[in-house]
Amino acid sequence: MTEELDLLHLKRLQCFNDAVFAIVATILVLPIRKLEENATESSSLADQLSDKWPQLLIYLVGFLVICAVWESHVVRFRILSRLDDVLVWLNLGSLLFTSFLPFTCALEGMFTYKYLPMMLICGNLLVLEILEVIMIVYAFHHPRLLDPEFDNLSHQEIKQRMKLMLVKKAVNPFLYILAGAVSLAKIELALIVVAIVVFSPCINRLAGVIYRKWTRVHLTGSEFDRMFGNFIDKERVEFFSDGLFAIVSTLLILDITAEDFPTEEEVNHHGIQSTLLHMKSEIFTYGATFVVVALLWFTHHSLFHYIEKLNQVMLVCNNISLAFVGLAPLINVTLNRYAGHGKPDSRLAVQIGAIIVFMASTSQAVVFVIALCKGPNYLVARANPSVGSRTHAYLALKMAILPLITLVVYLVAALCQHASLSDDVYHIAAGLTPMIFILMKIVFSCFKVHCNCRQWRRGTVRQGDSEFYFFAGGD
């Protein structure tokens, strides 16, 4: 009985991990969200972007590396069935160093020409890998913590599987040590080495295949996939993604509740009504950007509703999409400062917002295309064009709307001669796009009702399409 006292379920720690990683990845944007921090009034947006591009690059690489570290955590939990106090504290220690990454990334973005920030990043990530190795070794030396599938294995077979997991963990530490050493000579090359970590899950799988063939360890396909993470738990990806969307949508309010909040002097001088009216453009921009983030979540939710499983390439594409979603606060502050009638950089500010949303939505669409190309095992049956053609068309249109709308916004801002339209096109598109989704829903539902009435009379309705009738809102 005493042996069972400190055994805990996985679920709560998994959710806590997902929340911490989502917050850490999201707050990477805070150092770059205020492009004008050290700018003068005469500084143009193009000048600001030229000065800040190293920080933007560090943000994107840092975000994707944090996602790769999170994926490593997810794979580690797949060999466990429960936890004890030691594993919980080791995990919390790992989260301590994870939460330190935004500081080291901000240092690197601000002082790119110095080698020490890059060495701190590599050292931080190396400590995370060491803690991962300690947790894996500890779990394999305490079989009561392992998944029940390990119960029927001999001690030697369990040891072989531990070695396989450790072989997988050897890739990232090597990259971190190499990047730290290279940073002494050339920072740009060190950043490229660290960026390889984004694709480390694919490299790890290749290392596992080579090691398995070399040592002739017998593993079933499902066993190998569980240990090397070729397929990621869709539910964990949804939790992580939802956490990130929630944090980003909340960060948007910072501009009008903290940094641009009315001062007592302004209210006393102009009155509270005039002061709030003067803030109307900031409030409209907040509302428009919130709607954009909500629409990206909506399409993400719609996509994952029909996805059956995710491979590594799909996960990387999803992470890229989330990285651009994380730049939504940058859209907000850029539009607030540089967009508006008569401002010389208004068009460029709108174009930047359109590019960010286009990249986020297009990356989601790429996930859908990959799932479609990989075959029926990756999409639920009703989204397969050979089973539910209308469901497939409905989902495909959902995934296409935001990329098309943002492309139109970009072209209008770049080419339209009407100054008022080009300045306001972002806000107009944010208001019209939800109506397009609603209109599409109504059209598909009405069309489905009409077709189903005819097909039910003939007795020829297909299963996939009848399921669409339910999910599209038919009675």
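**Opening question**

Which element gives the largest share of the nonpolar patch? Helix α19 does, with four residues. A word on the basis: this is a predicted model, where local features need pLDDT of at least 70 and side-chain atom pairs count only at pLDDT 80 or more, while totals for chains, interfaces and linings use all residues. Residues are numbered from 1 along each chain as its sequence is written, and side-chain values use heavy atoms, leaving out hydrogens and water.

**The surface patch**

I355, M359, L407, Y410, L411 and L415 make up this nonpolar patch, with about 510 Å² of accessible area together (Shrake-Rupley, 1.4 Å probe, only the protein chains shown counting as cover). Patch members have over 30% relative accessible area and no salt bridge, and nonpolar side chains are joined within 5 Å; a salt bridge puts a Lys or Arg side-chain nitrogen within 4 Å of an Asp or Glu carboxyl oxygen. Two or more residues come from each of α18 (346–374) and α19 (389–415); helices are DSSP runs of H or I, at least four residues.

L407 sits in helix α19 and counts as partly exposed because its relative accessibility is 39% (buried is under 20%, exposed over 50%, partly exposed in between).

**The cores inside**

The largest nonpolar core (buried Ala, Val, Leu, Ile, Met, Phe, Trp, Tyr and Cys joined through side-chain atoms within 4.5 Å) has 105 residues, and F63, V65, L125, L244, M314 and L327 touch the most other members. Helix α2 (residues 45–77) supplies its largest share, 13 residues. This core lies between domain 1 (10–35 + 46–229) and domain 2 (234–259 + 279–453), because both give residues to it; the bounds come from an automatic or database domain assignment.

Another core, of 23 residues, lies apart from it, with M135, A139, L145 and M162 among them.

Technical notes. Buried < 20%, exposed > 50% of the residue type's maximum accessible area, 1.4 Å probe, protein only. Patch = residues over 30% accessible without salt bridge, like charges linked within 9 Å, V, L, I, M, F, W, Y side chains within 5 Å.
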